[in-house]
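Today I am sitting down with a new model and a fresh notebook page. Here is what I looked up, entry by entry.

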Amino acid sequence: MALTAVLNVFGWSAVLFALTMLIPAGLSVFFGEVGTPSLFAITILLTGTFGGAMTLASVGGRDRAPGRREAFLLAVLLWTILPAFGAIPFHISASPIDAYLEAMSGLTTTGYSVFPEPELLPRSLVFWRAEMQWIGGLATIMLSVVLLGVFGLGGLSIYRSAIPQGDSSTMISRLKDTLSAVWWVYLIITIACAILLWLNGVKPFHAFCYAMSTVSTGGFVTSSNGVAEMSDSARGVLVVFMLGSALNFTLHWAAFHGRFSVYRYDPEIRAFGRLCGISALLAFLIVWLQTDMNALDSLGRAIFSVASVASTTGFTSVPVDGGIMVGQWPTGLSVLLLTLMMIGGAAGSTAGGFKLMRFALLIRQGGAELTRLSFPNAITAITYGGHKVETAVLRSAWNFLMMFMLSVAALAILVDLNGYDLGTALALAVGALSNAGPAANHVTIEAISISGLDVVTKSGIIAGMLAGRLELLALLGLFSPSFWGR
């Protein structure tokens, strides 16, 4: 096993992670906060020292070229150990497990928060939460390109990156090429979102925090009613960027290079457009017919909710008063949004969920099976994006769906056994495994208090968030002896 290469990349990742903390550290000094500057200084020192030691210890190794197992191991290390360092600044306001849950939620772009009123936090910590989501979103794009596209995890071998790979045949070279190609596109989109929010009435600090949470489809907010208090035009900006961030980011890279036709020919964009369009229409009818809202307000609420949940961002435009959502929330809408939350966004995006590509494949296979009922001898080839889909790919997609649903059931049962009603348990489980945390509040009328959960439930939520971000099979594979066999 190429362990040296894994430790080297992980060490450099920890060093870069430490450097990103300089921004909130500087903000803590700028705002004259008490306690947080020293916490960030300690965190930077510990993280940088750890990463530097890992890097130096792996210098000069002569392992073979890293492959699939090493890529999976690296992903697990990044999303389990880095949150421990990212959690250190939160110890000023939270217990160790709450701090780790907050950091894990940030880096996995889930959005669950143990701070029901983030406006009470120091501003540097508010920024650090959003920045961790932004970092996690960029890491998710790289995970998609390297793990999903190259190794075909869970039936996504048909995923195609719009970024030319050239002669990049090793994991490390692919990571470097993807990072150098995508990071500036990711940054430009984030800055554009922040500027548009600012122009539509959001204060600069909050605009940039919301931009990082939006483009990463993370969902952290800067105040308990932040999105609900925004203007309609500002929420419209969020809708555009939430939907855009739920698409394959390598397509955005291609568009930045003048290849706008990639949007027209990408099958996931067409599927995502149809899914969101039909869902928004259904949501509009449900809200309009079953509440006292007028047609225009119902349409606005429907579009925002669908965009928020389908992208697994989870922002809600419904005000919260004393932990209770203000206004009516029809059951039919909750079921619709829960389904969208499980499906999620496109492969290669920052969104979580089952992934739209897998969903489209299974829908097409279902149609093929219905055709065989009428014409048993018919040869029904399943295609996607103009390419024939092999049986092994479909089988992998079905296996992933089975593991996803079993994981949802197991986590929901765990939460239910610890004293929570079934609706809350299911919403929490789907939110964790779809990395759509706050979107769970679209399913229940009562805002879910993550800080009020017991230690066992919090541990289950942490495991669910990790499993969701690592595409389940990557995490489970590490516990299989055959996976490590030569």
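**Entry 1: Thr 109.** I started with Thr 109, which is buried, with a relative accessible area of 0%. This is a predicted model, so I read all of these values as properties of the prediction. I found Thr 109 in the loop between α5 (96-107) and α6. Its phi caught my eye: the angle is near 55 degrees, a positive value in a residue other than glycine. As a reminder to myself, most residues other than glycine have a negative phi.

**Entry 2: Lys 355.** I then turned to Lys 355, which also is not a glycine and has a positive phi of about 90 degrees. Lys 355 sits in the loop between α14 (331-343) and α15 (356-374). Is this lysine buried or exposed? I looked it up, and Lys 355 is buried, with a relative accessible area of 1%.

**Entry 3: helix α2.** Next I went through α2, residues 22-30, and noted Pro 24, Ala 25, Leu 27 and Ser 28 as buried. Looking down the axis of α2, I see its buried residues within an arc of 160 degrees, so they line one face of the helix. Val 29 and Phe 30, on the other side of α2, are exposed. I also checked what follows α2, and there I met Gly 32, with a positive phi near 65 degrees.

**Entry 4: the largest pocket.** How big is the volume of the largest pocket? I have it down as about 1,000 Å³. Its lining counts 37 residues, and the closest to the pocket centre are Ser 13, Leu 16, Leu 138, Met 142 and Leu 179. I listed the helices that each supply at least two lining residues: α1 (3-20), α4 (68-86), α6 (123-151), α7 (171-199) and α8 (204-215). Which helix gives the largest share of the lining? That is α6, with 11 residues. Sorting the lining by class, I get 30 nonpolar, 5 polar and 2 charged residues.

**Entry 5: nonpolar cores.** My last stop was the largest nonpolar core, which has 136 residues. Within this core, Phe 17, Tyr 112 and Leu 197 have the most contacts. Helix α6 turns up again here, as the largest share of the core, 13 residues, comes from α6. I also noted a second, separate core of 10 residues, among them Ala 347, Met 357, Ile 382 and Tyr 384.

**Note to self.** I will keep α6 marked on my page, since it gives the largest share of the lining of the largest pocket and the largest share of the largest nonpolar core.

Methods: Residues are numbered from 1 along each chain as its sequence is written. This is a predicted model: local features need pLDDT of at least 70, side-chain atom pairs count only at pLDDT 80 or more; totals for chains, interfaces and linings use all residues. Side-chain values use heavy atoms; hydrogens and water are left out. On a 1 Å grid over the protein atoms alone, a cavity is a set of points where a 1.4 Å probe fits but cannot get out, and a pocket is an open set with protein on both sides within 12 Å along at least five of seven lines; lining residues have an atom within 4 Å of a point. Grid points are joined across faces, edges and corners, and a volume is the space filled by probe spheres set on the points. Helices (H or I, at least four residues) and strands (E, at least two) are DSSP runs, numbered from the N terminus. Ala, Val, Leu, Ile, Met, Phe, Trp, Tyr, Cys and Pro count as nonpolar, Asp, Glu, Lys and Arg as charged, and the others, Gly among them, as polar. Buried means under 20% relative accessible area, exposed over 50%, partly exposed in between (1.4 Å probe, protein chains only). The arc is that of the directions from the helix axis to the C-beta atoms. A nonpolar core is a set of buried Ala, Val, Leu, Ile, Met, Phe, Trp, Tyr and Cys residues joined through side-chain atoms within 4.5 Å.
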